[in-house]
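Visitor: Could you take me through how to read the two faces of a helix, and after that a contact surface between chains?

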Amino acid sequence: MGESISEYMKRRAKQVVRFGREAEAASYEAYGKAIRAGRDLELSSPGQVMRHGARILQEKADRAGAVVSNAARHTQRQAAEVLQHAGRNPVARSAAVGATRLAGNAAGVVRGGVHAVEGLADGAIFAGRLVNPLDRLTSPRGQSAEEQLGRAALNAARDIANYTRKGVNDPNGVLDDIKDLRQQWNRELNPAATPVAPTFAGELRRNFDIGQNQGEVLFDVGSLVVGGPAAKAVKGLSRAANVGNDAKYLAQGHNPETAAYLAEPYPASGMGSHFVPRRTRLPESFGGGPLPKSYMDGPFNRLAPPGISRGDMYELHYSVDPKFHVARLPRKVGGGVWHGGKIGLENYGLPARLWHGSPAPLKARIGGLGAGAGATMYVTEGKEGSR
Amino acid sequence: MTLRPEIQFSHTFPDDAIEDEDDFVQWPGRNVAEALKGALQAKGYRVSEPVDAQHVGWDLDIWQGRKRLGLQISLGDADVNYLIARNMTFFLWPDVKLFRAFLADLQDILGADHRFGRIRWFPKGGISADVAPAAVPFDD
């Protein structure tokens, strides 16, 4: 929970008192030095003592700030030199450009997912307003979903009609438009279609952008194949960002070794979490044994989003499985326990558990559910994501 | 009647986790699961070998006749450990009497084995919800 106003005021008061003491001490120290050096320093009132001390502290802080910014400038200069050096070496340059484009691909896939879910959510909210009989009454004049849809349909029909008319009169214009579109795609997706940037850093930026565009197309095509609207467990994709992000786990109070361990990628051989629990058995009339392993550990049942960190996998598992509470940490990080309750996690309620506990391919297959559930989760994601 | 199938306990079993340089090769708690398996068998239950549930711990499948129960064993450290008992009888008509008897047997087993200590019983979902525990698995 955040700090209340009274807590803030108390903290500020303490800071002021501490600063006063430090200023006083600095002032007396300066006075002693002045006497020893035979210099005059007139501090005849408490006010003068405080002002002089505060000035000394401020000068100290300024000097420290200058040292830090000098160090930052130095580091920046060194980084630029390393970059320039790498840029002059063709092998390093090619490897860096390739790696940057790959990073762009990953970022683009995530961007595609975010766009898809945003689109879904907006669409579903709009669809919800369309079927709401009160929408006309609650919306400003002319702004109800029905009226907006009517206008949009009219505009779209008019645009299509105009374009068709233009196409009939000027077929070359349509061809030019297609060519323009193709050129635009080529520019956005093909690294060879635009000139190499004059600087190495600029070239990396250009390749990252192209990689990102490629990634988003990849997402769009990929999501068509698996069933689109589930929009892909965007949350799962974004989780990949926490691989290597030990700061997140440090902030939860873990020691640095444990934080680094939790920031490792969740192992491919890991159990993950199961939508249909592993303990489920077939009815006695079907032999009573476990469900086929191919299903139980298959993509439609086992939840372990690709690229998720170990810590995030534990958090996800804790949130969707009320029976999972603790996990032992290995001796190499000092042992101890990961405890979901101790880092402030809560279990999801049943609907969110069903959504978050189901693997992306399963969501994707539940086609009709996609848009509505996608929108619901998109709206609640923010609230839950802040936990 | 309130049943409390979630149990928090401390223990003095040796740490049986096996690790390589990267991670766990065997997660801790197999020895606790084996001890519970033996004790439950002595009370007439049919019990599976401990099933590895990795970071969650170990599972035991338990039968009384054709009716199935389950026990999850999750070890944290010496003080924070959990047993989650499950009634796996037909979900539309769960055998509450059997489950109650199972919890009573579990209470006997935990009480008789000095390696278990500080037993606290929670209702279903009670650990996550941080509800107050009880000293007994059910109220009559």
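Visitor: Which residues are exposed on the other side of H1(B)?

Guide: A residue is exposed if 12 or fewer other C-beta atoms, placed from the backbone, lie within 10 Å of its own, buried if 20 or more do, and partly exposed in between; on that side of H1(B), B:Gly38 and B:Ala42 are exposed. This is a predicted model, in which local features need pLDDT of at least 70 and side-chain atom pairs count only at pLDDT 80 or more, while totals for chains, interfaces and linings use all residues. Residues are numbered from 1 along each chain as its sequence is written, and chains are lettered from A in the order in which they are written.

Visitor: Which are the buried residues of H1(B)?

Guide: They are B:Arg30, B:Val32, B:Ala33, B:Leu36, B:Lys37 and B:Leu40. Because they cover an arc of only 155° around the axis (taken from the directions from the helix axis to the C-beta atoms), they lie on the same side of H1(B). Among the elements that cover them are strand S1 (6–11), strand S6 (58–64) and helix H2 (96–112) of chain B, helices being DSSP runs of H or I with at least four residues and strands runs of E with at least two, numbered from the N terminus.

Visitor: How many residues of chain B are in contact with chain A?

Guide: Contact requires C-beta atoms, placed from the backbone, within 7 Å, and 26 residues of chain B are in contact with 23 residues of chain A. The largest share of this side of chain B, 5 residues, comes from S7(B).

Visitor: What follows just after H1(B)?

Guide: There B:Gly44 takes a positive phi of about 100°.

Definitions and conventions. Contact = placed C-beta atoms within 7 Å.
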